[in-house]
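Thank you all for making the time this morning. I would like to walk through one structure with you, beginning with its internal space and then turning to its sheets.

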Amino acid sequence: MSISIQPPPPFGPEIRAQFALDPKLTFLNHGSFGSLPLVVRQAQEEWRLRIESNPIEWIGRRNIESLAAVKKPLARFVGCQPNDLGFVTNATEGVNAVLRSLRFEVGDELLTCDHVYNAVRQAMKFRAQETGARVVEVPIALPVRDQDHAMNCILNAITPRTRLIVIDHITSPTALRFDVRKIIDAVKGTRAQVLVDGAHAPGALDLSLDALGADFYSANLHKWTMAPRGSAFVWVAPQFQKDVHPCVISHEFANGFAAEFDWQGTRDLSAWNSISAALAWFEELGAERVLRHNHQLAAWAHQLLCAELSFEPISPLDGSMLSCMASVRLPNALRSKFEKPEAFQKQLLDVDHIEIPVFDWNQQWLFRLSAAIHNEPAQYERLVVALKKYLA
Ligand SMILES: Cc1ncc(COP(=O)(O)O)c(C=O)c1O
């Protein structure tokens with residue numbers, strides 16, 4: 001195959017210098033935990049100092065005011081109304097808040113697919129066990145041909161018993177962007193509600209939650225928005241907000257969605273308060289430019305790997321199902337050399353100084369590359385050289 005996508009021009013050394021990443025490391029896993037730029041680290045430190053200057057003032061008296069000031073630009077960034085957002089510390093917590101708030105009946109079906117994030121799968125199982133509901137996990141086999149192929153697998157599994165559909169906006173092990181709108185539109189007006197797991201979406205996709213029209217949306221901001229770890233949100237459609245409570249029930253129980261999520265007990269509020277600094281930096285870089293760069297770099301690197309190593313792609317080579325990550329299936333020849341995926345991942349780190357995740361997904365070994373603003377084409381070329389060595 002030939003490579004039809006060009007890599008984008010890199011953001012360059014000035015932007016790379018914002019990140020504290022070890023320069024000896026080829027860091028191709030921004031997707032797991034992100035990496036915090038200096039401007040945001042500084043903003044968080046300022047927030048820590050401000051809070052320490054008078055904790056009563058900043059945690060006790062002005063917390064509602066400061067969180068409201070964060071929700072405004074965040075709502076603009078993800079295309080929704082500020083008070084439809086509740087802060088949580090990670091996407092799993094947002095998913096748990098929804099799952100544990102909804103009332104399920106015996107025989108209800110909680111539908112997802114086999115690309116679901118495992119922590120979310122476990123939360124679904126837990127809630128099903130508690131309520132007598134049933135988790136239905138449909139396969140979406142690889143390679144995925146296109147959006148219709150993937151989304152039809154879910155649509156075909158909907159029954160009158162389907163009560164909740166949990167669907168990733170961007171899947172974790174397989175790094176696929178799903179057109180969740182197809183599912184949302186298909187079940188409008190039925191008893192099935194849709195919870196979108198958008199852990200990877202803010203800062204990776206151009207979001208408009210109001211227009212998307214899901215019932216619930218949970219997302220991380222520490223990944224592609226480059227906000228501090230511990231900053232995440234759950235968005236709930238206004239008509240369901242009275243039903244959804246945070247995982248921690250505190251003073252504000254039954255005082256409304258915004259009030260309940262704004263006070264979930266004493267916390268370090270520095271991460272949530274620093275979201276504004278991350279958004280300001282994102283805007284300064286140019287949101288569209290960041291999204292375009294990361295997507296193009298991922299789509300090019302995906303083609304590069306498939307072309308250079310003759311890997312069979314798991315999604316279209318035009319990158320139409322990618323965001324800023326791409327997963328590739330490793331051939332059996334490589335599997336036979338390592339006992340477990342973790343062993344191969346460790347070898348790449350120890351010997352080649354490349355940090356990249358390798359997963360066992362449905363008995364297939366996948367590895368997932370990330371493309372962030374601190375990455376550049378030469379890093380993926382180094383990966384190709386290392387892989388050729390192990391494949392030889
Ligand atoms: C698709 C998906 N959902 C949920 C999560 C959970 O994120 P967290 O561990 O921050 O709660 C992740 C984490 O990478 C993810 O990729």
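Let me begin with the largest cavity, whose lining takes residues from both domain 1 (13–28 + 286–391) and domain 2 (40–281), so that the cavity lies between them. Please keep in mind throughout that this is a predicted model. The space in this largest cavity comes to about 30 Å³, and one cavity of 30 Å³ or more is counted. Its lining is made up of His-30, Gly-203, Lys-223, Trp-224, Met-226, Phe-282, Val-290, Asn-294 and Ala-372, and by class these divide into five nonpolar residues, three polar and one charged.

From the cavity I move to the pockets. The largest pocket holds about 530 Å³ of space, and of the 30 residues that line it, Tyr-117, Asn-118, Ser-172, Lys-223 and Arg-368 lie nearest its centre. Two or more lining residues come from each of the elements α2 (30–33), α6 (91–101), α7 and β11. You may recall Lys-223 from a moment ago, since this residue is also listed in the lining of the largest cavity. By class, the lining of the largest pocket has twelve nonpolar, eleven polar and seven charged residues, and at least three of its residues are drawn from each of domain 1 and domain 2.

The second largest pocket contains about 220 Å³ of space, and its lining consists of 14 residues, with Arg-16, Asp-22, Pro-23, Leu-25 and Gln-379 nearest the centre. Here the elements giving two or more residues to the lining are β1 (26–27) and α17 (377–391), while the classes divide into five nonpolar, four polar and five charged.

Now to the sheets. In what order do the seven strands of the open sheet with mixed pairing run? Reading across, the order is β2-β8-β7-β6-β5-β3-β4. The edges are formed by β2 (85–88) and β4 (134–138), and each has a single partner strand, so one side of each is left without a neighbour in the sheet. From one strand to the next, the twist averages 20°.

At the β2 edge, β2 pairs with β8 (residues 232–236) in the antiparallel sense over four bridges, and within that pairing Gly-86 has Val-234 in β8 as its bridge partner. Across these two strands, β2 and β8, lies helix α5 (residues 63–78), which runs at about 110° to β2. Helix α7 (residues 118–131), an element we met in the lining of the largest pocket, also packs on this sheet, where α7 touches β3 (109–113), β4, β5 (162–168) and β6 (193–198), and its direction makes about 150° with that of β4.

Finally, there is an open sheet of three strands, in the order β9-β12-β11, with antiparallel pairing. Its edge strands are β9 (325–329) and β11 (358–361), and because each has a single partner strand, one side of each is left without a neighbour in the sheet. Neighbouring strands in this sheet are turned by 35° against each other on average, direction ignored. The antiparallel pairing of β11 with β12 (residues 364–370) rests on four bridges, and one of the bridge partners is Leu-366 in β12, which faces Phe-359 in that role. Helix α16 (residues 341–352) packs on the sheet and touches β11 and β12, with a direction that makes about 170° with that of β11.

Technical notes. Residues are numbered from 1 along each chain as its sequence is written. This is a predicted model: local features need pLDDT of at least 70, side-chain atom pairs count only at pLDDT 80 or more; totals for chains, interfaces and linings use all residues. Side-chain values use heavy atoms; hydrogens and water are left out. Two strands pair if DSSP finds at least two bridges between them. Axes are lines fitted to C-alpha atoms, for helices over the stretch in contact, and angles run from 0 to 180 degrees between N-to-C directions. Contact means heavy atoms within 4.5 Å. On a 1 Å grid over the protein atoms alone, a cavity is a set of points where a 1.4 Å probe fits but cannot get out, and a pocket is an open set with protein on both sides within 12 Å along at least five of seven lines; lining residues have an atom within 4 Å of a point. Grid points are joined across faces, edges and corners, and a volume is the space filled by probe spheres set on the points. Ala, Val, Leu, Ile, Met, Phe, Trp, Tyr, Cys and Pro count as nonpolar, Asp, Glu, Lys and Arg as charged, and the others, Gly among them, as polar. Domain bounds come from an automatic or database domain assignment.
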